[in-house]
Amino acid sequence: MKATIILFFIFLTYFHPVETKVYICGPTGAKKYHYNENCRGLSACTHGTIKTSLTQAQSYGLTLCGWED
Ligand SMILES: [Zn+2]
């Protein structure tokens with residue numbers, strides 16, 4: 001079972017090697033995504049920072065942080 005999960009993640013990594021990772025202040029209420037984990041826009045986040053993919057963040061309707069555009 002554990003090996004199956006590991007193989008699954010290897011599979012995902014193999015087929016999505018160039019997926020851009022972004023950070024959001026989540027899990028809910030985020031309006032912006034950030035390329036920089038240490039961005040000043042995230043420093044005020046009190047909900048915990050979540051790492052996700054750029055395409056996922058955009059599918060939530062999030063836009064790029066004002067400090068980073
Ligand atoms: Zn930012």
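## Close-up views of a predicted model

**View 1. Strand β1 is mostly covered.** In this predicted model, 4 of the 5 residues of β1 are buried. The strand spans residues 21-25. Two strands pair with β1. β3 joins it through 5 bridges and runs antiparallel to it. β2 also pairs with β1 in the antiparallel sense, over 2 bridges.

**View 2. Residue pairs across β1 mark its contacts with β3 and β2.** On the β3 side, Lys21 stands opposite Ser53. On the β2 side, Ile24 faces Tyr33. Tyr33 and Ile24 also both belong to the largest nonpolar core.

**View 3. The largest nonpolar core has 8 residues.** Its members are Val22, Tyr23, Ile24, Cys25, Ala30, Tyr33, Ala57 and Cys65. Strand β1 gives the most to this core, with 4 residues. Tyr33 comes from β2, which covers residues 32-34. Ala57 falls in α3 (54-59).

**View 4. Cys25 is in contact with Ala30, Leu42, Cys45, His47 and Thr49.** This list leaves aside neighbours within four places in sequence. Ala30 shares the largest nonpolar core with Cys25. Thr49 lies in β3, which runs from 49 to 53.

**View 5. The open sheet has 4 strands in the order β3-β1-β2-β4.** Its pairing is mixed. β3 (49-53) and β4 (63-64) stand at the edges. Each has a single partner strand, so one side of each is left without a neighbour in the sheet. Where does the parallel pairing sit? It joins β2 to β4, through 2 bridges. In that pair, Lys32 stands opposite Thr63 of β4.

**View 6. Lys51 sits in edge strand β3.** The residue's place is in β3, and that strand stands at an edge of the sheet. Is Lys51 buried or exposed? Lys51 is exposed, because just 10 other C-beta atoms lie within 10 Å, and the cut-off for exposed is 12 or fewer. Lys51 touches Lys21 and Tyr23, not counting residues up to four places away in sequence. Val22 is 29 residues from Lys51 in sequence, yet their C-alpha atoms are 5.8 Å apart.

**View 7. Tyr60 lies in the loop between α3 and β4.** The loop follows helix α3 (54-59) and leads to edge strand β4 (63-64). Tyr60 is partly exposed, because 13 other C-beta atoms lie within 10 Å. That count falls between the limits of 12 or fewer for exposed and 20 or more for buried. How far is Tyr60 from Lys31, C-alpha to C-alpha? The separation is 8.8 Å, for residues 29 apart along the chain.

**View 8. The whole protein holds 3 helices and 4 strands.** These are the elements of the complete chain. Along the sequence they follow the pattern α-β-β-α-β-α-β. Of the 69 residues, 14% are buried. Among contacts with a separation of 6 or more, 63% link residues 24 or more positions apart.

**View 9. Confidence varies between elements.** The protein averages a pLDDT of 85. A score of at least 70 is reached by 88% of the residues. Helix α1 (residues 2-15) has the lowest mean among the elements, 75. Strand β4 has the highest, 96. Where pLDDT is low, the predicted coordinates should not be read in detail.

Definitions and conventions. Residues numbered from 1 in each chain as written. Predicted model: local features only at pLDDT ≥ 70, side-chain atom pairs only at ≥ 80, totals over all residues. Pairing = 2+ DSSP bridges. Contact = placed C-beta atoms within 7 Å. pLDDT = per-residue confidence, 0-100. Core = buried A, V, L, I, M, F, W, Y, C linked by C-beta atoms within 7 Å.
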